[in-house]
Amino acid sequence: MNVMSRFVVVPVVALAIVLGVSSCSLTPGSPVVAASQPAAQTVTYTSPDFGYSVDFGGTAVESSVPQSVGGYNLVIKIASWTGGDRVQTVSALKFPDGLISTVNDALLTASLEGAATSSQGTLSDQKFIDVDGERGASGTVTVSSGVVRVVVFFHDGAQFTISTVNGSQDQQDSLVGSFVFGA
C-alpha cells in the first residue's frame, strides 16, 4: 500500500462511522421526524487528546475506534453530537511520527473522493478552505439516504475530518469556523 492510499482510508472510515452513527436518520424509506429543538445553543467541546476546541449544537459524546491503516494499528478519536436528524462530528487520527511528510491538494482531493466512493455517494461542491491556518478540502457527499458535508485537513501529524449529516451548509460552516487549535 503506498503512502497516498494509506491516508485516503482514514476519511473513508470516518465517514462510514458518521453514517453508522446516524443510520436511524439515513435509513432509506424511514420517516424523518425532527425532534423539537430549544433555541439554538452551542456547547464548546475541548479535545483532551488533540488540543482543539469546537462548538457543537449540544453536548458532544466521545468515542474511540481502533483502525488498521497501512499496517499501523491506530485509534480514531471521535467527538459527535446528534440533534434530531442532524449529526455533527470531528474525528482525529494521529499517525506515527514522520509518516506524513507532505500534505498537498492531491492528498486532500483523494481523501474526499475516497470518502464518496466508499459510501457509494457522489461528491460535489469540492473546494479548498482554511481551517484554523491549515489547508483543507471541503465537499458534499450525497448518498441515497442523505447528505454529508465533509472537511478533511491535517495538523501536526494528524488527520482531521469534520462532518455534518443532514445539516445545512451554514451549520457545517459554523462548525468548521468554530474549530481552533490551542485549546
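The exercises below work through the fold, the sheet, the helices and a few chosen residues of a predicted model.

**Exercise 1. Establish how many helices and strands the protein has, and in what pattern they follow one another along the sequence.**

Step 1. Counting the elements gives four helices and 10 strands.

Step 2. Reading along the sequence, one meets the pattern α-α-β-β-β-β-β-α-β-β-β-β-α-β.

Step 3. For the overall setting, 46% of the 183 residues count as buried, and the accessible surface comes to about 8,400 Å², with 51% of that surface belonging to carbon and sulfur atoms.

Step 4. Among contacts with a separation of 6 or more, 51% are made by residues 24 or more positions apart.

**Exercise 2. Determine the strand order of the open sheet, and say which strands lie at its edges.**

Step 1. The sheet has seven strands, paired antiparallel, in the order S3-S4-S5-S9-S8-S7-S6.

Step 2. The edge strands, each of which pairs on one side only, are S3 (61-69) and S6 (122-131).

Step 3. Neighbouring strands of this sheet are turned against each other by 20 degrees on average, with direction ignored.

**Exercise 3. Follow the pairing from S3 through S4 and S5 to S9, giving the bridges and a pair of opposite residues for each step.**

Step 1. S3 and S4 (residues 72-83) run antiparallel and are joined by nine bridges; in this pairing Val 65 stands opposite Ile 76 of S4.

Step 2. S4 in turn pairs with S5 over eight bridges, in the antiparallel sense, and here Ser 80 stands opposite Thr 89 of S5.

Step 3. The hairpin of S4 and S5 has two residues between the strands, and Gly 84 takes a positive phi near 65 degrees in it.

Step 4. S5 is joined to S9 by eight bridges, again with the strands running antiparallel, and Ser 91 stands opposite Thr 161 of S9.

Step 5. Burial completes the description of S5: because eight of its nine residues are buried, this strand is largely enclosed by the rest of the structure.

**Exercise 4. Identify the strands that helices H3 and H4 touch where they pack on the sheet, and give the direction of each helix relative to one strand.**

Step 1. Helix H3 (residues 105-118) touches S6, S7 (134-143), S8 (146-155) and S9 (158-165), and its direction makes about 140 degrees with that of S6.

Step 2. Helix H4 (residues 169-178) also packs on the sheet, where it touches S5 (86-94), S6, S7, S8 and S9, and its direction makes about 150 degrees with that of S9.

**Exercise 5. Locate the two nonpolar cores and name some of their residues.**

Step 1. The largest nonpolar core has 21 residues, and those with the most contacts inside it are Leu 93, Phe 95, Val 150 and Phe 154.

Step 2. At least two residues of this core come from each of S4, S5, H3, S7 and S8.

Step 3. A second core, separate from the one just described, has 20 residues, including Ala 92, Phe 160, Ile 162 and Leu 175.

**Exercise 6. Decide whether Ser 138, Thr 109 and Ser 163 are buried or exposed, and describe the surroundings of each.**

Step 1. The cut-off for a buried residue is a relative accessible area under 20%.

Step 2. Ser 138 is placed in strand S7, and its relative accessibility is 8%, so it counts as buried. Leaving aside neighbours within four places in sequence, its contacts are with Leu 112, Asp 125, Gln 126, Lys 127, Ile 129, Val 150 and Val 151. From Ser 138 to Thr 161 there are 23 residues in sequence and 9.7 Å in space, C-alpha to C-alpha.

Step 3. Thr 109 belongs to helix H3, and with a relative accessible area of 18% it is therefore buried. Its contacts, again without neighbours within four places in sequence, are Gln 126 and Phe 128; with Gln 126 there is a polar contact of 3.3 Å between the side chains.

Step 4. Ser 163 lies in strand S9, and a relative accessible area of 2% makes this residue buried. Its side chain makes a polar contact of 2.6 Å with the side chain of Thr 89.

Note on methods. Residues numbered from 1 in each chain as written. Predicted model: local features only at pLDDT ≥ 70, side-chain atom pairs only at ≥ 80, totals over all residues. Heavy atoms only, no water. Pairing = 2+ DSSP bridges. Axes fitted to C-alpha atoms, helices over the stretch in contact; angles between N-to-C directions. Contact = heavy atoms within 4.5 Å. Buried < 20%, exposed > 50% of the residue type's maximum accessible area, 1.4 Å probe, protein only. Areas by Shrake-Rupley, 256 points an atom, 1.4 Å probe, with all protein chains shown as cover. Polar contact = N/O pair within 3.5 Å; in protein donor to acceptor, adjacent residues only side chain to side chain. Core = buried A, V, L, I, M, F, W, Y, C linked by side-chain atoms within 4.5 Å.
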